[in-house]
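Please open the structure in the viewer and follow the stops below in order. Each stop names a selection and then describes what is found there.

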Amino acid sequence: MPPAPHTAVPFDCWTTASYHGLWNYLDYPAMVIPVDQVSETDIADDLSNAQFGTDDEKLYSLCKNFTISSRCQIRH
Amino acid sequence: MAHSVRDCNLFVRTILEAETWSYDSTVLSVPWTNASRKGKLRIGVAQDDGMYTPTPPVRRVLAQAIEALSRDSNVEVVPIKLPDVKRHYYDLVAYFTLAGGEVCQFFRSASVLC
């Protein structure tokens, strides 16, 4: 699964540790593998894709203009 | 940060074969067994955690990784759904905070007295 639901966010906007905190809580060994860079084909799509309520929509709406320097990773 | 699985293998094997538990009582005594692979490697894939939706680049990259893994005949990819992450996440935050976050309520109610 991904280590976070998003790539880089603006300063002070990181809201949740639910993705990587879960493995911390379970005391599982974990590693993060870099996969790819954000590309121009990744566009911010409709807010209706955010499936889990208003908090999710708020976080999903942070995804606006992607810069090439953001990196995508998966957590193993 | 290693660059290959072979590097990781060498690193862990060197450390474990040194038998450091003979010198440091806090080390777990796990010897290097050099076990070989039995059957397929099963990898569970969680697309999201049930609380927040991954953004498009993250979804694309996860799909790329799953596709690359599925192509390998030694790997079995299993989709999984994580159960009740919200409750576990709030448990985690309670562990990390002082008195499970209750101290914030105390300060909020204490300010009424001033």
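**A tour of chain B**

Begin by selecting D84(B), which has a relative accessible area of 41% and is therefore classed as partly exposed. This is a predicted model. Add R87(B) to the selection: the two residues form a salt bridge, with 2.8 Å between the closest N and O atoms. Four salt bridges are present over all chains.

Next, display the whole of chain B as a cartoon. Four helices and two strands make up its secondary structure, in the order α-β-α-β-α-α from the N terminus. Of its 114 residues, 19% are buried. The exposed surface of chain B is about 8900 Å², and carbon and sulfur atoms supply 60% of it.

Now select residues 41-45 and 75-79 of chain B. These are strands β1 and β2, which run parallel and are joined by five bridges. Add residues 56-71, helix α2, to show a right-handed β-α-β unit formed with the two strands.

Within the strands, select R42(B) and its bridge partner in β2(B), E76(B). Their side chains also meet in a salt bridge (3.8 Å, N to O). This pair links distant parts of the chain, 34 residues apart. R42(B) counts as exposed at 60% relative accessibility, whereas E76(B), at 30%, counts as partly exposed.

Finally, move to helix α1 (residues 5-17) and select R13(B) and E17(B); because they are four residues apart in this helix, about one helical turn separates them. Their side chains meet in a salt bridge (3.2 Å, N to O). E17(B) is partly exposed at 45% relative accessible area, and R13(B) is partly exposed at 33%.

How values were computed: Residues are numbered from 1 along each chain as its sequence is written. Chains are lettered from A and ligands numbered from 1 in the order in which they are written. This is a predicted model: local features need pLDDT of at least 70, side-chain atom pairs count only at pLDDT 80 or more; totals for chains, interfaces and linings use all residues. Side-chain values use heavy atoms; hydrogens and water are left out. Two strands pair if DSSP finds at least two bridges between them. A crossover is right-handed if, with the strands pointing away from the viewer, the path from the first strand over the helix to the second runs clockwise. Buried means under 20% relative accessible area, exposed over 50%, partly exposed in between (1.4 Å probe, protein chains only). Accessible areas come from the Shrake-Rupley method with a 1.4 Å probe; for residues, only the protein chains shown count as cover.
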